[in-house]
Amino acid sequence: MMGLRENIAPALKSLGFNYKYDVSLPIRDMYSLVEKVKVRILQSFPDTKIAAYGHVGDGDLHLNPVTPAYNPAVLELIEPFVYEEVSRLKGSISAEHGLGLKKANYLKYSKDTDLIETMRTLKDLFDPNGIMNPYKLLPWK
């Protein structure tokens, strides 16, 4: 079973460009998010494949629209739509893989401003020179 799971990413990569999202949300809402993304993209880009898998037990969803090649118009359909939907469903824009470089500026969809500022204060306290994972945890000032 794990062999199948571990081969999903390489299989998707062989199909083209992957727009990768690792979100968490209530289990009851996983399918609806996938369907909304599917409808939104396929109307304009019917050659897109939508793959979704994850850890159903803990609400972690890997959502991967795949196009033959990178297309900024597809990205515009996905972002910030996915993050807005996850926020509306009371989920988190980042599940097991963290914020990284791409998601830091979307943190506002999962955390309120006061909490982000508290996080920044703690980061500044423990990393005053900004050398630990620069740009990867919080929105850049």
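Reader: Where is Lys 90 found, and what makes its backbone notable?

Author: Lys 90 is found in the loop between H5 and helix H6 (100-103); a helix here is a DSSP run of H or I with at least four residues, a strand a run of E with at least two, both numbered from the N terminus. Its phi is positive, about 65 degrees, although Lys 90 is not a glycine. The model is predicted, with local features requiring pLDDT of at least 70 and side-chain atom pairs pLDDT 80 or more, while totals for chains, interfaces and linings use all residues. Residues are numbered from 1 along each chain as its sequence is written, and side-chain values use heavy atoms, without hydrogens and water.

Reader: What makes the bond between Glu 79 and Pro 80 distinctive, and where does Pro 80 lie?

Author: The peptide bond joining Glu 79 and Pro 80 is cis, with omega at about 5 degrees. Pro 80 lies in the loop between helix H4 (72-78) and H5.

Reader: Why are H3 and H5 called roughly antiparallel?

Author: The axes of H3 (residues 30-42) and H5 (residues 81-88) cross at roughly 150 degrees and come within 11 Å. Angles run from 0 to 180 degrees between N-to-C directions of lines fitted to C-alpha atoms over the stretch in contact. Since roughly antiparallel requires over 145 degrees, H3 and H5 therefore qualify.

Reader: Which residues make the contact between H3 and H5?

Author: H3 contributes Leu 33, Lys 36, Val 37 and Arg 40, and H5 contributes Phe 81, Val 82, Glu 85, Val 86 and Arg 88. Contact means heavy atoms within 4.5 Å.

Reader: How do you know that the charge of Arg 40 sits over the ring of Phe 81?

Author: The charged end of Arg 40 is 4.3 Å from the centre of the Phe 81 ring and sits over that ring. The criterion is NZ of Lys or CZ of Arg within 6 Å of the ring centre and within 35 degrees of the ring normal.

Reader: How many aromatic pairs does the whole structure have, and which residues do ring pairs link into a cluster?

Author: A search finds seven aromatic pairs, counted where ring centres lie within 6.5 Å. Ring pairs link Tyr 21, Tyr 83, Tyr 106 and Tyr 109 into a cluster.

Conventions:
Parallel < 35°, antiparallel > 145°, perpendicular 65-115°, else oblique. Phe/Tyr/Trp six-rings, centres within 6.5 Å; stacked < 30°, edge-to-face > 60°.
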